[in-house]
Amino acid sequence: MSSYDLRSLLSFLVLLSAFGTCFGQANQTCIHTELVTPVYNFSVDSFLGTWYGQTVYSGLAEDAIPLEVRCGEVTFSRSDDDTFDLAGEERYFTFPNGTDIPHMISDEITFSEKSQAVWNVKGVEDGETLEVDNVIVQTDYTNWAIKFGCAVRDNYRYETMQIWTRTRNADPELVAILELLVNNYGFPPANGRWIDNLNC
């Protein structure tokens, strides 16, 4: 998978259900999104604000290549446009040649009829529209969140889990506990990639 594909999946840039292992497959759509159990009685207002990406987990080991991004964060706010429910601003750095390149994506987020914890996220990067399904599956609102994501690129379905925290440099013990939850969805630690949040 290319670094561009991986960056777009951090939309992120945008975790407990028992629907089983997630897979990346050719010629597929995001068929598992509706099978993931979202946070019950999700509070949008409590979730607003800034979150920092800590780890990204791929559904398949072959998709879990080293990240070429660092310092990922996303800020959610109420949108002034009645067409959309939320606005998200994603910021991160890529370093394809060893030099940091800042990126920012403005996302438009709509809720599903099923739950306000199930989102369709659309953003534009380098003139191309990116679209990702997101499901907030676990959160305490004040410290951490776990998010399922699905995107289709070139007829290949990528499914991910991400750990977000309210602080950029998260407590390692907290992240270790959240990894256990992510593993219950079929995303093992071996498929996880840590997001470098140092010197941001």
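A polar contact here is a pair of N or O atoms within 3.5 Å; inside the protein, one of them must be able to donate a hydrogen and the other to accept it. With that in hand, a good place to start in this predicted model is Thr-139, where the backbone nitrogen of Tyr-141 sits 2.9 Å from a polar atom of the threonine side chain. The backbone oxygen of Trp-144 also comes in, at 2.7 Å from a polar atom of the side chain of Thr-139. Thr-139 belongs to strand E7, which covers residues 128-139. Its relative accessible area is 14%, and because buried means under 20%, Thr-139 counts as buried. Leaving aside residues up to four places away in sequence, Thr-139 touches Val-39, Phe-42, Phe-47, Trp-51, Trp-144 and Ala-145.

The two backbone partners of that side chain bring in the neighbouring hairpin. Strands E7 and E8 form it, with four residues between them. Tyr-141 lies in the turn and has a positive phi of about 70 degrees. Strand E8 spans residues 144-153 and pairs with E7 in the antiparallel sense, over six bridges. Two pairs of residues help to fix the register: Asn-134 has Gly-149 of E8 as its bridge partner, and Ile-136 stands opposite Lys-147 in E8.

On to strand E9 (residues 156-165), which runs antiparallel to E8 and is joined to it by ten bridges. Lys-147 turns up again here, with Gln-162 of E9 as its bridge partner. So what about the surroundings of E8? Nine of its ten residues are buried, so E8 is largely enclosed by the rest of the structure. As a general point, side chains in a regular strand alternate between the two faces of the sheet.

Next comes the disulfide. By the distance rule used, the count comes to one, and the pair is Cys-71 and Cys-200, with sulfur atoms 1.9 Å apart. The angle about the S-S bond is -85 degrees, making the link of Cys-71 and Cys-200 left-handed. Cys-71 lies in strand E3 (residues 69-78), while Cys-200 lies in the segment after strand E10 (192-194), so the pair ties together parts that are 129 residues apart in sequence. The two ends also sit in contrasting surroundings: Cys-71 is buried at a relative accessible area of 3%, whereas Cys-200 is partly exposed at 45% relative accessibility.

Cys-71 has a backbone quirk as well, with a positive phi of about 55 degrees although it is not a glycine. Asn-41 is another non-glycine residue with a positive phi, in this case near 55 degrees. Asn-41, however, is placed in the loop between strand E1 (25-26) and helix H2 (44-47), whereas Cys-71 is found in strand E3. With 66% relative accessibility, Asn-41 counts as exposed.

Zooming out, the chain has three helices and ten strands. Read along the sequence, they follow the pattern α-β-α-β-β-β-β-β-β-β-β-α-β. Of the 200 residues, 51% count as buried. The accessible surface of the chain comes to about 9,200 Å², and carbon and sulfur atoms account for 49% of that area.

How far the predictor trusts all this varies along the chain. The average pLDDT is 79, and 78% of the residues score at least 70. Among the elements, helix H3 (residues 172-183) has the highest mean pLDDT, 94, and helix H1 (residues 3-9) has the lowest, 38. Over residues 1-24 the pLDDT stays under 50, and for this stretch the model has 101 contacts beyond four places in sequence.

Methods: Residues are numbered from 1 along each chain as its sequence is written. This is a predicted model: local features need pLDDT of at least 70, side-chain atom pairs count only at pLDDT 80 or more; totals for chains, interfaces and linings use all residues. Side-chain values use heavy atoms; hydrogens and water are left out. pLDDT is the predictor's confidence in each residue, from 0 to 100. Contact means heavy atoms within 4.5 Å. A disulfide is a pair of cysteine sulfur atoms within 2.5 Å. Buried means under 20% relative accessible area, exposed over 50%, partly exposed in between (1.4 Å probe, protein chains only). Two strands pair if DSSP finds at least two bridges between them. Accessible areas come from the Shrake-Rupley method with a 1.4 Å probe; for residues, only the protein chains shown count as cover.
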